[in-house]
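Trainee: I would like a close look at the side-chain interactions here, taken slowly and tied to where each residue sits. Could you walk me through them in one connected answer?

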Amino acid sequence: MRAPHLDVAVHEQAELGEGPTWDAATGRLIWVDIDSARVHTYEPVSGRRTVMATEQHVGAAKPRTGGGLVVNLRDGIGLYDADGAFRWLVRDPVPGRRGNDAAVAPDGSLWAGSMRYDGAPDGGSLVRVAADGAVSAVLPVVACGNGIGWSPDGSLMYFIDTPTRRIDVFDFDGEHAVNRRPFATVEEGAGFPDGLTVDAEGAVWAALWDGAAVRRYTPDGALDRIVPVPVRRPTACAFGGRDLDDLYISTARTGLTAPHPLSGSLLVLPGAGRGLPGTPFAG
């Protein structure tokens with residue numbers, strides 16, 4: 001069999017493309033451009049695209065149970081209804097800090113990371129946001145709250161604090177993450193782990209910022225596969241498509257003096273594996 005060929009799903013010049021998420025209810029992929037404060041959608045079947053401006057930098061956008069989006073913004077967590085109406089669920093502005101990556105847990109809660117604009121090592125956090133807006137701290141202090149995901153059986157949670165170069169794993173009981181320990185470490189010179197996704201076999205895929213690659217780690221943490229990409233700064237990855245077998249990869253061009261022409265585009269690796277069905281936010 002021929003190896004899958006990396007392709008371009010959406011030609012775009014996003015400054016900081018992030019957080020691809022498959023929305024099975026609408027058959028579209030959702031992703032954001034943090035620095036440009038934009039939420040993008042893409043329908044693979046029709047090729048239809050939309051772009052929605054947000055009033056603040058947007059670190060992540062995820063589908064909601066009743067339609068619309070939950071967004072991790074600069075000053076907290078916001079909700080867009082299906083008709084586009086916006087309201088705050090949690091507003092907690094901290095000068096110099098913004099929302100970053102986020103993921104929806106199997107119970108429908110939002111796990112949201114944050115970071116400081118200046119990258120201070122103690123300026124971010126990881127919190128759990130319930131459907132009613134109740135917030136509980138998971139990790140009160142991180143540098144860059146990034147990739148988050150769960151094992152197929154829901155017993156493990158994975159998390160990336162990018163400057164540590166590690167993917168960490170926790171025991172998960174459906175609401176709480178405990179017993180943090182290293183799962184895999186990216187060696188110096190190979191880039192920094194950014195966003196992640198977990199496939200149906202329990203393997204963890206992570207995009208490597210400044211590493212020009214996406215890696216797959218087996219459930220025991222062994223490096224299993226390296227997918228080179230033509231851009232220096234892939235940011236995150238997620239499975240999408242009708243059969244959840246296409247791996248979408250967001251990319252960035254921010255901070256690069258001579259970015260590759262595809263930097264900022266949404267890439268896709270057809271037939272890369274099989275992803276897990278997502279859970280919409282319950283709020």
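Trainee: How many salt bridges does the structure hold?

Mentor: The model is a predicted one, and it holds 20 salt bridges. Let me take several of them in turn before moving to the rings, the cysteines and the core.

One of the salt bridges joins R49 to E12, with the closest N and O atoms 2.6 Å apart. Because R49 belongs to strand β5 (residues 49-53) whereas E12 sits in the loop between β1 (7-10) and β2 (17-23), this pair ties together parts that are 37 residues apart in sequence. R49 counts as partly exposed, at 33% relative accessibility, and E12 is likewise partly exposed, with a relative accessible area of 24%. Another salt bridge brings together the side chains of R48 and E43, at 3.6 Å from N to O.

A further salt bridge is formed by the side chains of R91 and D75, at 3.7 Å from N to O. R91 lies in strand β9 (residues 86-91) and D75 in the loop between β7 (69-73) and β8 (76-80), so that parts 16 residues apart in sequence are tied together by the pair. The two partners fall into opposite classes of accessibility, since R91 counts as exposed at 51%, just as D75 counts as buried with a relative accessible area of 6%; the cut-offs that matter here are over 50% for exposed and under 20% for buried.

Salt bridges also link D199, E201, R216 and D224 into a network. R216 appears again among the contacts of A203, which, once neighbours within four places in sequence are set aside, are T197, V198, R216, Y217, T218 and P219. A203 itself is placed in the loop between β18 (192-198) and β19, and it counts as buried because its relative accessibility is 0%. Between the C-alpha atoms of A203 and G221, which are 18 residues apart along the chain, the separation is 8.2 Å.

A charged group also meets an aromatic ring in this model: the charged end of R165 sits over the ring of F192, 4.1 Å from the centre of that ring.

Turning to rings that pair with each other, the structure holds nine aromatic pairs. In one of them, the ring centres of Y42 and Y248 are 6.5 Å apart and the planes stand at 70 degrees, so the arrangement is edge-to-face. This pair links distant parts of the chain, with Y42 in strand β4 (residues 38-42) and Y248 in strand β23, 206 residues apart. Both Y42 and Y248 are buried. Y158 and F183 make up another edge-to-face pair, with 5.0 Å from centre to centre and 65 degrees between the planes. Here too distant parts of the chain are linked, as Y158 lies in strand β15 (residues 156-161) and F183 in strand β17 (residues 177-185), 25 residues apart. Y158 is buried, with a relative accessible area of 2%, and F183 is buried as well, with a relative accessible area of 12%. In addition, Y80, F86 and W88 form one aromatic cluster.

As for the cysteines, the structure holds zero disulfides. C144 takes part in none, the nearest cysteine sulfur being that of C237, 15 Å away, whereas a disulfide would need the two sulfur atoms within 2.5 Å. C144 counts as buried at 11% relative accessibility, and C237 is also buried, with a relative accessible area of 3%.

C237 leads on to the core, through its contact with L247. Leaving aside neighbours within four places in sequence, L247 is in contact with T197, W205, V214, C237, A238, F239, L267, V268, L269 and A272. The largest nonpolar core has 15 residues, of which W205, V214, L247 and I249 touch the most other members. The elements that contribute two or more residues to this core are β19 (204-209), β22 (234-240), β23 (246-251) and β24 (266-269). As general background, nonpolar side chains tend to be buried together in soluble globular proteins. Strand β23 thus connects two of the topics above, for it gives two or more residues to the core and also holds Y248, the partner of Y42.

Definitions and conventions. Residues numbered from 1 in each chain as written. Predicted model: local features only at pLDDT ≥ 70, side-chain atom pairs only at ≥ 80, totals over all residues. Heavy atoms only, no water. Core = buried A, V, L, I, M, F, W, Y, C linked by side-chain atoms within 4.5 Å. Buried < 20%, exposed > 50% of the residue type's maximum accessible area, 1.4 Å probe, protein only. Helix = DSSP H or I, 4+ residues; strand = E, 2+ residues; numbered from the N terminus. Contact = heavy atoms within 4.5 Å. Phe/Tyr/Trp six-rings, centres within 6.5 Å; stacked < 30°, edge-to-face > 60°. Lys NZ or Arg CZ within 6 Å of the ring centre and 35° of its normal. Salt bridge = Lys/Arg side-chain N within 4 Å of Asp/Glu carboxyl O.
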